Amino acid sequence: MACKFISNENTNQWLEALAKDHVVFVPVDDGGTVTFRPFGEGRKLVLDRMPVRSAKEAVFPQSETLLTYKYDKDPENPERTSVRIRETLPKERAVVFGARPCGTRGMAVFDKVFDNDRIRDPYYATRREHTMFVTLACTKVESTCFCHEVGSGPADTSCSDVLLTPVQGGYAAEAVTECGEKMLEASFFADGGDKCAEAEAVKKATREMLGEAHDFSDAPEKLLAAFDDDEFWEEQAAGCLSCGACTYLCPTCYCFNITDEATGTTGKRVRSWDTCMSFQYTLEGSGHNPRSTKAKRLKNRVNHKFSYFPESYEKYIACCGCGRCIKSCPASVDIRAIVKAAQARGAEKESK
């Protein structure tokens with residue numbers, strides 16, 4: 001990867017230039033919560049803390065209109081109606097600046113689900129194609145970080161176009177994709193020089209802070225072995241409040257609901273985030289609910305990320321290890337501890 005350098009002063013000017021023909025999402029403090037908002041005058045970047053909300057909203061908005069419709073009555077026969085539908089594909093081009101590598105890695109899960117050989121979600125695919133990611137390598141770790149245990153790392157370049165690493169006076173910038181290479185052609189960037197070696201030292205030091213990685217490779221079989229152990233799952237879910245904060249903050253969660261919002265003969269079809277931790281999520285029209293308890297819902301969430309998804313997608317764990325679900329959970333439910341408990345349970349049974 002080509003390596004260049006951009007000073008702190010030029011970084012702001014670069015963002016201003018990008019904002020002329022892109023929506024540039026940057027992490028800012030919004031009411032005490034670091035989240036991504038469009039770059040603009042008066043917006044102060046917060047780059048020394050992991051954003052509470054990930055950057056997935058840039059390609060998978062919390063709420064989006066898929067289409068609008070209008071019913072027209074036949075004036076010759078009022079009992080007959082026709083419907084006109086207008087697709088509302090996104091058109092804007094965007095840049096996400098300052099996302100952490102773990103958060104951007106979540107796009108790899110979305111890519112497998114929304115844009116594969118069998119299915120192409122045009123809304124997601126269009127935004128994904130029109131959005132560039134400039135990620136920021138981590139220089140410190142938190143107790144909830146475990147990216148290195150799920151195949152990632154503090155300088156992971158998965159789904160990034162440019163990786164920035166903080167160095168003295170600015171950032172070392174590495175192009176990951178062709179789009180990233182073009183971005184680094186801007187006049188704001190200088191030759192990397194010794195900043196590149198400094199960046200490698202920063203990345204190495206941060207990785208060492210994480211320590212040795214736990215091995216989750218046998219998690220799928222151990223979780224399935226515990227599938228019918230209701231006592232185990234009720235114990236794991238004892239503290240869960242079913243608030244769904246874990247799923248809404250997760251960079252890899254993609255559950256959604258679709259509703260029609262009508263006014264007279266016109267309306268729109270809206271896709272909104274949903275959560276599998278909600279009782280209503282799997283409530284059937286008959287009144288039956290296959291996941292009627294929070295233990296069953298937590299079992300599904302954990303198994304989906306560490307068992308079902310890896311089975312469907314070449315052992316790829318649908319968790320980026322960012323730890324947002326642990327850090328922001330009101331009851332401190334720890335998904336990595338649940339998986340480790342299932343592994344320990346399985347190992348104990350096998351030893352008998």
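These exercises work through the disulfide, one helix, and the pockets and cavities of a predicted model.

In this model, local features need pLDDT of at least 70 and side-chain atom pairs count only at pLDDT 80 or more, while totals for chains, interfaces and linings use all residues. Residues are numbered from 1 along each chain as its sequence is written, and side-chain values use heavy atoms, with hydrogens and water left out.

**Exercise 1. Cysteines**

Task: Find which cysteines form a disulfide, and state which parts the pair ties together.

Solution:
1. Set the cut-off. A disulfide is a pair of cysteine sulfur atoms within 2.5 Å.
2. Search the whole structure. One disulfide turns up.
3. Name the pair. Cysteine 3 and cysteine 196 have their sulfur atoms 2.2 Å apart.
4. Check the hand. The angle about the S-S bond is -110°, and the link is left-handed.
5. Place the ends. Cysteine 3 sits in strand β1 and cysteine 196 in helix α5 (residues 195-210), so the bond ties together parts 193 residues apart in sequence. Helices (H or I, at least four residues) and strands (E, at least two) are DSSP runs, numbered from the N terminus.
6. Check exposure. Buried means under 20% relative accessible area, exposed over 50%, and partly exposed in between (1.4 Å probe, protein chains only). Cysteine 3 is partly exposed at 22%. Cysteine 196 is buried at 18%.

Task: Explain why cysteine 240 and cysteine 325 are too far from their closest cysteine sulfur for a bond.

Solution:
1. Take cysteine 240. Its closest cysteine sulfur, in cysteine 246, is 6.5 Å away, too far for a bond. Cysteine 240 is buried, at 10%.
2. Take cysteine 325. Its closest cysteine sulfur, in cysteine 319, is 6.3 Å away, again too far for a bond. Cysteine 325 is buried too, at 13%.

**Exercise 2. Helix α1**

Task: List the buried residues of helix α1 (residues 8-18) and find what they pack against.

Solution:
1. List them. They are Thr11, Trp14, Leu15 and Leu18.
2. Look down the axis. These residues fall within an arc of 100°, so they line one face of the helix. The arc is that of the directions from the helix axis to the C-beta atoms.
3. Find the partners, with contact meaning heavy atoms within 4.5 Å. The buried residues pack against β1 (3-7), β2 (23-30), β6 (94-99), β7 (131-136), β9 (170-175) and α4 (178-183).

**Exercise 3. Pockets and cavities**

Task: Describe the lining of the largest pocket.

Solution:
1. Fix the terms. On a 1 Å grid over the protein atoms alone, a cavity is a set of points where a 1.4 Å probe fits but cannot get out; a pocket is an open set with protein on both sides within 12 Å along at least five of seven lines; lining residues have an atom within 4 Å of a point.
2. Give the size. The volume is about 330 Å³.
3. Read the lining. Of 22 residues, Asp48, Arg49, Met50, Glu142 and Lys327 lie nearest the centre.
4. Assign elements. β3 (33-38) and α10 (324-327) give two or more residues each.

Task: State which helix gives the most to the lining of the second largest pocket.

Solution:
1. Size the pocket. About 230 Å³ of space lies in it.
2. Name the helix. α9 (residues 294-312) gives the most, with five residues.

Task: Locate the largest cavity by its lining residues.

Solution:
1. Count. There are six cavities of 30 Å³ or more.
2. Size the largest. About 160 Å³ of space lies in it.
3. Locate it. Among its 18 lining residues, Cys246, Leu298, Arg301, Cys329 and Val333 are closest to the centre.
4. Find the main contributor. Helix α9 gives the largest share of this lining, three residues.

Terms used. Grid points are joined across faces, edges and corners, and a volume is the space filled by probe spheres set on the points.
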